[in-house]
Amino acid sequence: MNPYYKDYSEFLSQFFEGKVQKLSVDLALGCPNRDGTFGTGGCIYCNNKAFSPDWEKRNFGVVEQLAKGRDFFARKYPHMRYLAYFQSYTGTHAAAPLLRRAYSDALAEEDVVGIIIGTRPDCMPDEILTWLADVNSGSGGKKVFVEFGAESSHDATLARINRCHTWDVTVDATRRVAGAGIPVGLHFILGLPGESEEMMLETVRRVNDLPVSTVKFHQLQVLNGTPLARGVERGEYDDRIRFTPESYADLCARIVGILRKDIAIERFLAQAPPEMLVEPRWGLKNYQFVSLLDKRLASLP
């Protein structure tokens, strides 16, 4: 439990007793911002392998992927329970029968206490939301959580990064899912091209007006093979904020001071594989940055 803000473990303790671990599941669903459903080319910063590098696991089914993840943790924590995290690309971008079958396969595992679905705010059809709400409120005791990649609350930024949705879409999706009784998380990237620090803080203020349970923040990472990396090489994104660990900790401290206190913060830092990362190359683990941030927060009046 963090003394300065509500952390993710504290949030999970509202639903589960004991230790619970996420296990990532890859359904190889792709993204509607790549296949022409909403757009092509994807977001300018996106290389999906950066946050789900175990690419070969998509060759296995849901149960097999969970078994592989379980084997890793069970040696040290034999009584661990798990949340199946449908993380890669867009976790709702498929026909409803396929999605229900995949989610059901995960929920049928005895030591899986719930599912987390990472998706886009423009990709939550009513049919799937109704099914998820029934699971979440059902007698089986399994929980459902939904996380939306929002990235920014500023439409000019969203257009610039080729996100292919607006902030109003995120607002509507958040309210629909929360209204169905499912906890909602939002993800944001700090330091996107064209955004000042005040714009980032305005995004936090807008989050406070929404029925949000959790948030993730992370610094903009320039990854090999992305339109952002190619644009940086050509000098097209010189208006990016180039944080140092210290200046980024200062921004995060300001965020903590603004964010509604009942909203849990899951993370502040992303860590792409070094071979994929162009910049920033801070060499910090998440726990090291949290320590830096906590010292900054402790120094505030």
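Helices (H or I, at least four residues) and strands (E, at least two) are DSSP runs, numbered from the N terminus. The model described here is predicted: local features need pLDDT of at least 70, side-chain atom pairs count only at pLDDT 80 or more, and totals for chains, interfaces and linings use all residues. Residues are numbered from 1 along each chain as its sequence is written.

**The sheet**

Strands of a sheet pair through backbone hydrogen bonds, either parallel or antiparallel. Two strands count as paired if DSSP finds at least two bridges between them. In this model, seven strands form an open sheet in the order β1-β2-β3-β4-β5-β6-β8, with parallel pairing. Its edge strands, β1 (20–25) and β8 (264–267), each pair on one side only. On average, neighbouring strands of the sheet are turned by 25° against each other, direction ignored; such angles run from 0 to 180 degrees between N-to-C directions, with axes as lines fitted to C-alpha atoms, for helices over the stretch in contact.

**Strand β4**

Strand β4 covers residues 143–151, and nine of its nine residues are buried, where buried means under 20% relative accessible area, exposed over 50%, and partly exposed in between (1.4 Å probe, protein chains only). In a regular strand the side chains alternate between the two faces of the sheet. In β4, K143, F145, E147, G149 and E151 point one way, while V144, V146, F148 and A150 point the other way.

Six bridges join β4 to strand β3 (residues 112–119), and the two run parallel. Among the bridge partners, I115 is matched with V144 and T119 with F148. Between these strands the chain passes through helix α4 (residues 126–137), in a right-handed β-α-β crossover: with the strands pointing away from the viewer, the path from the first strand over the helix to the second runs clockwise. Strand β5 (residues 184–190) also pairs with β4 in the parallel sense, over five bridges, and its H187 stands opposite G149.

**Unusual backbone angles**

Most residues other than glycine have a negative phi, and most peptide bonds are trans. Two residues with positive phi are listed below.

| Residue | Phi | Loop | Relative accessibility |
|---|---|---|---|
| A28 | near 55° | between β1 and α2 (62–74) | 37%, partly exposed |
| C164 | about 65° | between α5 (155–160) and α6 (167–179) | 32%, partly exposed |

The peptide bond from E279 to P280 is cis, with omega near -5°. P280 is found in the loop between β9 (277–279) and α10 (286–299).

Definitions and conventions:
Side-chain values use heavy atoms; hydrogens and water are left out.
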